Amino acid sequence: MSASVITVETKENASQNLIIQRPSVGLSLQGRIRVPGDKSISHRALMLGALSQGETEIQGLLLGEDPRSTASCFQAMGAEISELNTELVRVKGIGLGRVREPVDVLNAGNSGTTLRLMLGILASHPGGFFTVTGDDSLRSRPMSRVVKPLQQMGAQIWGRKNNSLAPLAIAGVALKPIHYQSPIASAQVKSCVLLAGLMTEGETTVTEPALSRDHSERMLRAFGAKLSVDPDTNSVTVTGPAQLYGQKVIVPGDISSAAFWLVAGAIVPDSNLVVENVGVNPTRTGILEALAMMGADIQLENQREVAGEPVADLRVRSSRLRSCTIEGDLIPRLIDEIPVLAVAAVFAEGTTVIKNAEELRVKESDRIAVMAQQLSKMGAKVTELPDGMEITGGTSLVGTDVDSHTDHRIAMSLAIASLVATGTTTIQRAEAAAISYPDFTATLQQVCR
């Protein structure tokens, strides 16, 4: 498949259409590729580096828009951060308790992670006044899930819709430790409260209904925080006040980005792809478990540990998929991968059920509604559920005009679906992919043979 049948059309308003025309015969995906650095780890490395004494060195940082928003916010509060690149980023920290009051509004862009985690830091720094906002999408996303536990700690936060929507204003005060029983399994909620606990006298504990990704716990320990984990109760405790010290961080490839190639390699006939250097942290490998249930041929090669995070090369070969049910404790470990799992389900024999995933409705878009609408446009049999989808496989997809709704994961999921749709598919507002994967289109052109 030549690059000429994967084309990008830039419109006057800088919006982009990604046009994919599948050849009548012969398409397969081949080669070895690397995906961008893990977004979750990139955010945390920048944040903890900024809050540390001394210098932090980061290799493999994701160069997407979201980490740029994090870097910009912490630069505005006094951290010195070198130009962002994948080779080496240096962060000269300001130290906990020394966050500088910014002269302007802090803008988190499209990044929910930046805004939600930062609230725990800002609220716990006495004497500072901070205002935070984001783009249209972020200003519509719920912040009460982190504002409420912070208020239980004594935080002073004001915002729209009863303090639940950005822009938000924060007056930093000395907080008190709490034991927060989170109603949802969310790494953002857990991390926000733990970050607030760094500046709080005593033990701050978060207990979740199921285990969410644990990058914050791993990195806080590495930076010197006193932290304990009780896996039997899904509880994490941090003891404050803490002091953090600059570290060397190597960011593995993002399994959420690798997921697009794992599904593509499984559904495009005669494919054999290797995605190198992917983080396989057990709290993030729900995508591997779900695809294994569906019968995908995926092997972990060259398994190793890099800077405290397990890493492997992932080889995927095309295979016949079968339906399964994706639910319960698996959901927090693959929440970001559900849009592309829905694409896999279209090519699985039987009816795949995805449930307990209502969190998808408050992401960059309502991912349940949008994926159901867009895949249905292409001819898939998708039934929208309040908390997920039912997808009956075996229907051939037909190329048509679809829309990303400016959601990066929707844009890339629809591109993967287009590889096995007859005719031509045009994905509107495809530039959204750059939020987490700036080189997605170039990599797509590289692997299509």
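**Exercise 1.** Which residues does Phe440 touch, not counting residues up to four places away in sequence?

*Solution.* The model is predicted. Start from Phe440 and leave out residues up to four places away in sequence; the contacts are then Phe260, Trp261, Met412, Ala415, Ile416 and Ala433. Next, place Phe440 in its surroundings: the largest nonpolar core has 79 residues, and Phe440, Trp261, Ile416 and Leu419 touch the most other members. Helix α8, residues 255-267, gives the most to this core, with 10 residues. A second, separate core has 66 residues, among them Met47, Val99, Met118 and Phe130.

**Exercise 2.** Decide whether Leu314 is buried or exposed, and list what it touches.

*Solution.* First locate the residue: Leu314 lies in strand β18. Then apply the cut-off: buried means under 20% relative accessible area. Leu314 has 0% relative accessibility, so it counts as buried. Now list the contacts, not counting residues up to four places away in sequence: Leu314 touches Leu262, Leu273, Val274, Val275, Val278, Val280, Leu288, Gln299 and Leu300. Finally, take a pair for distance: Leu314 and Arg429 are 115 residues apart in sequence, and their C-alpha atoms are 30 Å apart in space.

**Exercise 3.** Find the buried residues of helix α7 and name elements that cover them.

*Solution.* Helix α7 covers residues 215-222, and its buried residues are His215, Ser216, Glu217, Met219 and Leu220. The cover over these residues includes the helices α1 (39-50) and α6 (187-197). It also includes the strands β13 (226-230), β14 (235-240), β15 (248-250) and β18 (309-317). Just after α7, Gly224 has a positive phi of about 105 degrees.

**Exercise 4.** Does the radius of gyration of the protein agree or disagree with that of a compact globule?

*Solution.* Begin with the expected value: for 449 residues, a compact globule would have a radius of gyration near 22 Å. The protein has 21 Å, which agrees. Along its principal axes, the C-alpha trace spans about 65 × 45 × 40 Å. Of the 449 residues, 60% count as buried. Among contacts with a separation of 6 or more, 75% come from residues 24 or more positions apart.

**Exercise 5.** Describe the secondary structure, surface and charges of the protein.

*Solution.* Count the elements: there are 13 helices and 28 strands. Take the surface: the accessible area comes to about 16,400 Å², and 46% of it belongs to carbon and sulfur atoms. Last, count the charges: there are 41 positive and 47 negative side chains, and the centres of the two sets lie 1 Å apart.

Key: Residues numbered from 1 in each chain as written. Predicted model: local features only at pLDDT ≥ 70, side-chain atom pairs only at ≥ 80, totals over all residues. Heavy atoms only, no water. Core = buried A, V, L, I, M, F, W, Y, C linked by side-chain atoms within 4.5 Å. Buried < 20%, exposed > 50% of the residue type's maximum accessible area, 1.4 Å probe, protein only. Helix = DSSP H or I, 4+ residues; strand = E, 2+ residues; numbered from the N terminus. Contact = heavy atoms within 4.5 Å. Rg over C-alpha atoms; globule rule 2.2 N^0.38 Å. Areas by Shrake-Rupley, 256 points an atom, 1.4 Å probe, with all protein chains shown as cover. Lys, Arg positive; Asp, Glu negative; His and termini not counted. Charge placed at Lys NZ, Arg CZ, Asp CG, Glu CD.
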